[in-house]
Amino acid sequence: MLLLLGGCGTDTEPQVQADVPEIRISMTCTTKKPRDLKLVNDRLSEISMDKIGCRMSLVWMEHTVNNDYHYFKDDDAIDIMSLSYSRFLDYQKKGFLMKMDNYLEHEGSQLLEVMGSGAKDFAMQDGHIYGIPKPMPDINSNGLMFSKSLLDKYHISVDNFKTFEDLEPALAKIRREEPDVIPFARNIPSGGLIQRNPIGDVLDGMLSMVEYGDESLTVKNIYETQEYEKRIFLAKRWYDMGYLGEEPAAENEMGEELVFAGKAFATEFVIRPDEVEYAKNIYQDAVEIISFDHGPYLCTQSDWAYLWTISAHCAYPKEAVKALNLLYSDKDCINTVLYGISDVHYVKNGDGTISYPKGVDSRTVGYFNNSKWLFNRMDAKLWEGMPADIMETLKNFNQTAEVSPAYGFRFDASQLTFDLEPLERVLEQYRNRLEIGMFDSEEELYEFQEQLRKAGADELTQEVQRQLDEWKQTME
């Protein structure tokens, strides 16, 4: 998932004076463009003009954007983008990213306070800061979300669902009895069948991993592990049985939205206290959520899964950093981006929480943002039904995480002597199709593995191993 902030693009609402800088925030969500986007943009621009002297507005992008190099390569391009760690490494190596060092102290001072970290802990490459981690780390486990009405209708108990394989009898029943319902919808439209249960700690954001519990720190190619092959063949079996729907690759709605709407029976769901409580209060008794028996994981990229970056071609670097500063620290800005406008898209309750207006839900509200995980929800308004101590509960949850033996290691892509783009092209060509079972035979998996090797997979894992060995020596 991408989040783009920019000074220009494909959507120009609202129109502004040419001499007033405009920072446009392009939202890549799995929801359709909100019908009240202009209202929200007008309110956001009021806030930003008052506080930083420039305009900010949101632009909805398609979730399936893959080749977005042009956004940072062209002079007439966007300014700020939220990148996955692997893409961050690639963009920095290609020279697409601006060095932030000279701007953070003055334009990003509140951002530094929110992160509670010195600049030395940010995404440094070549001794410079090129990226800022999103405000909240990615520490989670996984589980499942079900349609409560279908569980009740067919007397299906969730007590024995400990693995994905345990679901198969229930999926078969739904497939047989409810031909218009997708038995299992993948939660992220562009993702695989299983997203949240890690095979290992991927150190380079691409394919080089170490197993949890492996104190020898042996680097492996994740796509050549037995566990990955097992998942691929599970997806193949479910696809062939019709459990993933008729055309899973064409589905563009979040799995949880499909379950909520009664279009799907089950989907994978991220298990984290704030996510679970929020979903329960949004979807209420329409869904049931369970967690698997393993706890959360803390990996090398828990703090670095997504990073905010600025284009090397940015025309307004100070204003872009100021806008990013607002997104991290200003409650008016945060609540507007997350929830929209008070008394229009949400109402304030007597206990200080917020909720949808009467008769409105996530499907009918005029503004809905499902990319909340990229923002500072710690300073956002509390949704109705969320415990007042949810952040303390989240902190305790994080402390139970299984820690990767490589936690603390940071891969330096600037030391690579080859381009990562060929590997990215192979992953884009094969991975999604394999991970939803849309392939004819196991030979396609082996072809995928061979193409990765030809594109430099072995050289990449060797370089990661070399850097990891050096890091390990410094830790002894």
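Okay, let's start with one residue: Lys 134 has a relative accessibility of just 4%, so it counts as buried. And who is its partner? The side chain of Lys 134 meets that of Asp 138 in a salt bridge, 2.7 Å from N to O. Asp 138 is buried too, at 19% relative accessible area, because the cut-off for buried is under 20%. Keep in mind that this is a predicted model.

Why do such pairs form? Side chains of opposite charge can pair when their charged atoms come close.

This structure holds 28 salt bridges, so let me show you a couple of others. Asp 42 and Lys 38 make one at 3.2 Å, N to O. They're both in helix 1, four residues apart, which is about one turn of the helix. Asp 42 is partly exposed at 27%, and Lys 38 is partly exposed at 44%.

Next, Arg 175 and Glu 246 meet at 3.5 Å, N to O. Arg 175 sits in helix 7 and Glu 246 in the loop between helix 8 and helix 9, so this pair ties together parts that are 71 residues apart in sequence. Glu 246 is exposed, at 61%, while Arg 175 is partly exposed, at 32%.

There's also a network of salt bridges, linking Lys 94, Asp 419, Glu 421 and Arg 425.

Now, helix 10, residues 273-283. Is it enclosed or open? Eight of its eleven residues are buried, so the rest of the structure largely encloses it. Tyr 278 and Ile 282 are among those buried residues, and the cover includes strand 7 and helix 13. Right after the helix, Gln 284 takes a positive phi of about 50°.

Notes. Residues are numbered from 1 along each chain as its sequence is written. This is a predicted model: local features need pLDDT of at least 70, side-chain atom pairs count only at pLDDT 80 or more; totals for chains, interfaces and linings use all residues. Side-chain values use heavy atoms; hydrogens and water are left out. Buried means under 20% relative accessible area, exposed over 50%, partly exposed in between (1.4 Å probe, protein chains only). Helices (H or I, at least four residues) and strands (E, at least two) are DSSP runs, numbered from the N terminus. Contact means heavy atoms within 4.5 Å. A salt bridge is a side-chain nitrogen of Lys or Arg within 4 Å of a carboxyl oxygen of Asp or Glu.
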